[in-house]
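Visitor: I have a new structure to look at, and I would like to understand the words people use for it. Could you walk me through them?

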Amino acid sequence: MKNYITQDPWCIIEEGFHRDYNEISESVMSLGNGRLGQRGNFEEKFTGKTLQGNYVAGVYYPDKTRVGWWKNGYPEYFAKVLNAANWIGIDIDIEYESLDLNHCEVRNFRRELNMQEGYLERSFVAILKSGKELQVNSKRFCSIVDDEAGVIRYAIKPLNFDAKITITPYIDGAIRNRDANYDETFWDEVRKETGYGEAYIELRTRKTGFHVATGMAIEIEQDGVKIDYQSQPIKYEKYVANRMTLDCRQGQETVIYKYAVNLSSLNYDPDTILLEARQSMQRITRKGFDKMLFEQMQAWADKWKMNDIIIDGDVAAQQGIRFNIFQLNQTYTGEDERLNIGPKGFTGEKYGGSTYWDTEAYCLPFYLSTADQKVAKNLLVYRYKQLGKAIENGQKLGFRAGAALYPMVTMNGEECHNEWEITFEEIHRNGAIAYAIYDYVRYTGDEHYLVEYGLEVLIAISRFWSQRVHWSQAKQQYVMLGVTGPNEYENNVNNNWYTNYIAAWTLRYTIEAIEKVKVLDAEKYGDLIDRIHFREEKEMATVRQIIEKIYLPKDDERGVFLQQEGFLDKDLMPVTDIPKGQRPINQHWSWDRILRSCFIKQADVLQGLYFFEDEFDTETLRRNFDFYEPMTVHESSLSPCVHSIQASKLGMREKAYEMYLRTARLDLDDYNNDTEDGCHITSMAGTWLAVVKGFGGLRVEQEQGADSQLVLNPYCPDQWQSLAFKIRFRSALLQITTTQTDITVKNFSAQPVTLKLHDKALTIKGQNQQTVSLKGKS
Ligand code: BGC
């Protein structure tokens with residue numbers, strides 16, 4: 001755990017240069033706009049510890065799989081969102097000395113990510129070997145208004161000398177991924193151009209053939225006035241630059257504006273992409289830095305208006321939650337249904353920017369409650385569009401008749417994961433995709449989604465579950481053998497409770513969805529069943545039997561569900577029995593020892609009780625929580641949030657807060673010693689869940705036959721004075737503020753809103769608020 005980030009409600013601040021933590025700072029200071037993203041690298045040359053990172057959403061490379069023992073069914077490649085051209089680079093040379101913070105003394109260093117306004121700022125004084133002192137101030141952002149553009153204002157001021165300073169802004173496309181399996185380069189050059197103060201380069205990914213055109217344009221100001229300068233174009237392989245040498249006087253500020261655009265063939269024809277890049281550049285240079293920054297600040301203000309969380313009385317917690325919300329907004333905007341959310345977003349190479357079940361299980365509720373409905377819908381449509389590939393994936397593993405197995409890790413719908421115990425066995429992910437459809441429909445009321453897209457996915461997933469279970473003569477029940485549940489510290493187990501439950505639930509929900517679609521649009525239903533050769537009567541007869549006879553392991557004596565068959569044979573002990581210094585166990589124990597132990601990586605049975613809470617009473621939850629929580633090591637960042645929500649529900653406030661703390665500042669404090677690889681973007685949605693579903697008690701209840709309604713059971717953790725969060729529900733925008741004594745619900749929309757607050761119905765008129773006392777509530 002590190003504590004070097006200054007606590008501030010709106011900014012992430014590194015004061016003083018923490019050379020050894022530079023890669024951590026680069027991760028947490030990442031910028032993005034859903035289309036582009038980059039780590040908080042330096043503009044000037046830096047030969048110290050750094051992971052250069054620039055990413056263009058959706059542009060990936062199929063890196064050839066590397067495994068020890070090849071198993072049939074393994075995917076050939078792992079898709080990676082590539083480290084793309086570095087467009088921030090500006091080399092500074094002062095009379096044969098290069099500015100490189102690794103080789104000079106650094107004073108007054110400050111790097112600051114401003115989350116309120118969406119930019120990264122850095123300032124320092126560099127004392128070169130020659131004794132020359134140079135002050136540098138830089139500010140940059142990836143525009144969320146012009147989402148193919150980024151811009152930098154880089155100001156230098158000699159403090160104790162006059163000199164000719166050579167400035168070389170460049171675009172470097174000779175980039176490699178640090179995590180490349182075979183150390184290959186992924187980019188080829190297509191063409192490049194340089195002109196006065198500008199340069200363009202077009203690169204193409206090997207194998208996948210994506211084109212990315214990156215351009216830069218430079219403007220220079222001295223004494224606040226734009227100046228003309230002589231520039232020397234430079235071209236090497238995959239590299240373009242403009243070099244200019246300027247007379248700089250002591251105390252005079254020289255400002256370099258570097259405008260950049262990144263266009264990809266996801267959106268442009270490769271034949272004209274460079275031309276389009278030039279036009280896009282004209283648009284943004286005409287706007288200029290100040291206007292772009294102003295628009296950026298306004299756009300962020302609009303976002304915060306919709307989804308800020310305000311914590312009074314704890315700056316560390318306030319900074320933590322805003323950091324999570326900020327990074328989620330930087331990663332996915334929902335503008336483009338072909339894009340998704342990688343576990344590290346645009347903040348590093350790990351997990352390759354690919355899509356995991358994290359999106360459906362953890363991220364979807366965040367976007368449902370904080371953004372326009374189309375954002376969450378696009379996440380669902382992404383999977384709908386990949387249904388064909390999921391069916392092919394099922395076929396590769398021997399399933400038939402339209403059975404879909406969605407991949408564990410994917411970019412374009414094809415499976416990329418290649419560890420058998422996960423690729424073939426962690427099939428519960430299929431259930432999360434079905435659950436997301438349910439979650440979306442329940443939250444938004446958009447039942448037509450089932451007609452257009454949802455039902456087709458549900459039937460395909462149900463076909464998979466129907467074939468994956470089989471009848472056990474011995475048990476006289478349906479069983480599912482050889483799976484890995486969400487707890488990846490158990491592999492190849494039989495009858496994982498969570499997987500069996502979510503499989504049977506999917507079958508039930510599919511029946512419900514069929515009935516709904518028949519009523520909503522019988523004609524479309526008819527078209528669908530013809531197209532997918534769905535034999536309703538026959539297929540549903542099997543489905544009904546499975547629902548009725550699925551085996552769900554449990555222990556009657558303890559009154560708990562069993563994570564899997566045989567779980568009680570383990571040597572059961574609490575995590576507190578693990579000797580100090582041996583945690584995390586995945587860094588200290590052999591895999592074999594982990595598998596045989598009772599220790600649980602992440603919520604498994606408790607994940608199921610969280611998804612399907614309406615089907616279990618509180619006492620059942622309590623018994624299972626008391627049984628599993630002490631054995632859970634939370635070595636997945638996705639785990640503590642679920643435990644936090646459950647603890648809140650059970651009134652275990654201290655536990656809920658303890659679990660919340662493990663997620664909220666995970667990256668800011670480098671809790672797991674791995675932030676240098678990138679931030680845990682998908683688990684940030686989990687932090688939001690711990691606040692809004694945990695402390696806020698947000699639920700949507702659907703009673704038979706009635707429209708679903710919003711339910712809130714908020715409380716303010718004892719450590720805070722107040723907690724306020726905003727959510728969108730249907731057409732309403734609400735703010736819920738809870739102190740230790742009362743709750744205020746404010747309705748920003750024109751229409752009245754009816755909800756259930758701590759079990760009492762409440763209607764709040766449009767543009768109005770109501771306060772309810774918490775007296776008597778625990
Ligand atoms: C977790 C998975 C998760 C993946 C990506 C793993 O450590 O166990 O559940 O999908 O990380 O976040």
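**Asking how we know**

Guide: Gladly! With 778 residues, a compact globule would have a radius of gyration near 28 Å, and the chain has 27 Å, so the two agree. Please keep in mind that this is a predicted model.

Visitor: What are the dimensions of the box that the C-alpha atoms fill?

Guide: Along the principal axes, the box is roughly 85 × 60 × 60 Å. Within the chain there are 20 helices and 34 strands.

Visitor: What makes a residue count as buried, and what share of the 778 residues is buried?

Guide: A residue is called buried when its relative accessible area is under 20%. In this chain, 62% of the 778 residues are buried.

Visitor: Why is the contact between the ligand and Trp357 called polar?

Guide: A polar contact needs a pair of N or O atoms within 3.5 Å. An N or O atom in the side chain of Trp357 is 3.0 Å from an oxygen atom of the ligand, so the pair meets that cut-off. Glu488 has a polar side-chain atom 2.9 Å from a ligand oxygen, and for Lys601 the value is 2.9 Å. The protein buries 89% of the 310 Å² that the ligand exposes when taken alone.

Visitor: Which classes make up the shell around the ligand?

Guide: The shell has 5 nonpolar, 2 polar and 3 charged residues. Tyr351 and Leu638 are among the residues around the ligand; both types count as nonpolar. Asp358 is also there, and Asp counts as charged.

Definitions and conventions
Residues are numbered from 1 along each chain as its sequence is written. This is a predicted model: local features need pLDDT of at least 70, side-chain atom pairs count only at pLDDT 80 or more; totals for chains, interfaces and linings use all residues. Side-chain values use heavy atoms; hydrogens and water are left out. A residue is near a molecule or strand if one of its heavy atoms lies within 4 Å of it. A polar contact is a pair of N or O atoms within 3.5 Å; within protein, one must be able to donate a hydrogen and the other to accept it, and residues adjacent in sequence count only if both atoms are side-chain atoms. Accessible areas come from the Shrake-Rupley method with a 1.4 Å probe; for residues, only the protein chains shown count as cover. Helices (H or I, at least four residues) and strands (E, at least two) are DSSP runs, numbered from the N terminus. The radius of gyration is taken over C-alpha atoms; the globule rule is 2.2 Å times the number of residues to the power 0.38. Buried means under 20% relative accessible area, exposed over 50%, partly exposed in between (1.4 Å probe, protein chains only).
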